[in-house]
Amino acid sequence: MQYDNGGELLVAHLESLGIDTVFGIVSVHNLPLVEAVDRHLRFVPVRHEATAVNAADGYGRARGSIGCALTSTGTGAGNAAGSLIEALSAGTAVLHVTGQIESQYLGGGRGFIHETKDQLGMLSAVSTYAATVTSARDAGRVLREASAAALATPGGPASVEWPIDLQYAAQEDVGEAVPSGEAASPDAAELAAAQVLLAKSRRPLIWAGGGARHARAELAALLEATGAGLIGSNSGRGSVPEDHPLVIGNFATNPAVRALLADADVLVTIGTHFRSNETADYNLKLPDAHIQIDADAAALGRVYPARHALHGEAAAVLPALTGAAGRADADWSARVTAVRDEVRAALHDDIGPQAALCDALAAALPRGAVVARDVTIPSSSWGNRLLPIHDPRANVFPRGGGIGQGLGMGIGAALARPDEPTVVIAGDGGLAVHFGELLTVAQERPRLTLIVFNDGGYGVLRNMQDKYGERRSGVDLFTPDFGPLAAACALPYARIAAPEEAAPVLEAALASDGPTLVEVDLTALGPMKNPFTPPVKIPTA
């Protein structure tokens, strides 16, 4: 195929991936790409390169596919690096295309405008794949390789740097296919032994991580066949809808769930990283009879020993276990449901007046609508656990723990699914990291409700310092008056200052066909029963 320039080639490639919206910032070093995208697709001019990647990430997660971000070279690519780390941590598919200086000067160290030392090395460190376009004949191949790597297991962002002269050049793409790797399959003896173990089990548990997102039907079949309890990592939420009576959810370190783990006679884990914050810094005890399924061979036995390590995609492995599985004792399944109800009721009570917001969102959101959650107390305490998720594509949050990324992810998700409302849960501190993206919301007018929980700073760190220290440092911040701020950005505004205001305010915002900024005045609303602190170790005297 012949293309007038690199931008036309890029558009053809994006269309082959089903991408209709691209996020980025225009620059002298990506102008042909941006112009072509804007002619044929939708180009969203975000205000920071980090947001371009976050929005592409959220777009891909909400669709269950891949998103695309365009940035400039040098500082622009560097600005994107933090968000690439998030996509790498989460294993989410992002195609990041960044400009580069003219190929004849590349690597010369002359101080060419927008040049940086070893940009490819930087991108390699924060991407699952990184490459440079070296001629007008290989750009198509590089784009296909990058996208395939991003979509493969374990996945992550793929970065392509494209010298500006080669962007302007006429492109010739021979269209060679990217070789696909062989699908992993578990060792036959290990699988047979796991089948025997599961056939004998009468007190089974399942732990669904991010690898379960692509095996929803197979996981549901195993759950129904066994009557097991389902624990979920944050990344695996929604793989089975969380109103299912056997879904305990993201409560692994809760004392009642620890007791279940202690009494279980087998645990099947599916594609989970066993992150430190979900295992009490790896102090959570798992059953010795542990069957671990993962498509990433390096993950098998990395954190917890696995009696039977099954290397393969969950969708392919789970049916073999389901066909051999025994049925849990009736009293075990009943206990699972009782624990599910107990942990939810306890958390609902513990969050005090914020329970009204959780209840209002659960009632007003359409089933499967996206909830993008920044790293903030409401998200970490109840948004990641109590607010029900029924579809893994609705579960959008920064898995690497970086603050300030939620709004960008929400923008991407809202534009990926324009016919239903998207909610962003953010704190005032996290929102301030990328205040400029309020202008993107104002310009693009997505169907997005931004709920800002205002406690005047970094509340979670404030709680830690109040609990463990003698003074506060760096946690109390100047916060704007959100009403005038919303007005300056031409955004509708509402305020929640009492529990009874939550339902009517959120119902109205979610019914809107455009954006709304909702401020939750936490001082007026009142505190949780117990101040939330994260599950990290603080050495004390």
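About 910 Å³ of space sits in the second largest pocket of this predicted model. If you want to find the middle of that pocket, go to Gly91, Pro154, Gly210, Arg213 and His214, which lie nearest its centre among the 44 lining residues. Four elements each put at least two residues into this lining: helices H3 (49-63), H4 (75-90) and H6 (139-151), plus strand E13 (290-294). H4 has the largest share, with 3 residues. Sorted by class, the lining of this second largest pocket comes out as 14 nonpolar, 19 polar and 11 charged residues.

Now for the largest pocket, which has a volume of about 1100 Å³. Here 48 residues make up the lining, and those closest to the centre are Thr376, Ile377, Ser380, Val460 and Phe532. The elements giving two or more residues are all helices: H14 (377-383), H16 (428-433), H18 (459-468) and H21 (522-525). Which of the elements gives the most to the lining of the largest pocket? That would be H18, with 5 residues. By class, this lining holds 18 nonpolar, 20 polar and 10 charged residues.

There are enclosed spaces too: the count comes to 4 cavities of 30 Å³ or more. The largest cavity holds about 60 Å³ of space. Its lining runs to 13 residues, with Leu230, Gly232, Gly236, Arg237 and Val247 closest to the centre. Two strands, E10 (229-232) and E11 (247-249), are the elements that give two or more residues to this lining. E10 gives the most, with 3 residues.

Here are the three spaces side by side, by the class of their lining residues.

| Space | Nonpolar | Polar | Charged |
|---|---|---|---|
| Largest pocket | 18 residues | 20 residues | 10 residues |
| Second largest pocket | 14 residues | 19 residues | 11 residues |
| Largest cavity | 5 residues | 6 residues | 2 residues |

On to the aromatic rings, where the structure holds 4 pairs. Take Phe23 and Tyr59: their ring centres are 6.0 Å apart and their planes meet at 65 degrees, so this pair counts as edge-to-face. Phe23 belongs to strand E2 (residues 21-24) and Tyr59 to helix H3, so the contact ties together parts that are 36 residues apart in sequence. H3 is a name you have already met, as one of the helices that supply at least two residues to the lining of the second largest pocket. Are these two aromatics buried or exposed? Phe23 counts as buried because its relative accessibility is 0%, and Tyr59 counts as buried at 0% too.

Another edge-to-face pair is made by Trp207 and Phe274, with 5.3 Å from centre to centre and 65 degrees between the planes. Trp207 lies in strand E9 (residues 204-208), while Phe274 is in the loop between strand E12 (266-270) and E13, so this pair ties together parts that are 67 residues apart in sequence. E13 comes up again here, having also supplied at least two residues to the lining of the second largest pocket. Both Trp207 and Phe274 are buried. Nor does this pair stand by itself: Tyr304 joins Trp207 and Phe274 in one aromatic cluster.

How values were computed. Residues numbered from 1 in each chain as written. Predicted model: local features only at pLDDT ≥ 70, side-chain atom pairs only at ≥ 80, totals over all residues. Heavy atoms only, no water. 1 Å grid on protein atoms, 1.4 Å probe; cavity = no way out; pocket = protein on both sides within 12 Å on 5 of 7 lines; lining within 4 Å. Points joined across faces, edges and corners; volume = space filled by probe spheres on them. Nonpolar A, V, L, I, M, F, W, Y, C, P; charged D, E, K, R; others polar. Phe/Tyr/Trp six-rings, centres within 6.5 Å; stacked < 30°, edge-to-face > 60°. Buried < 20%, exposed > 50% of the residue type's maximum accessible area, 1.4 Å probe, protein only.
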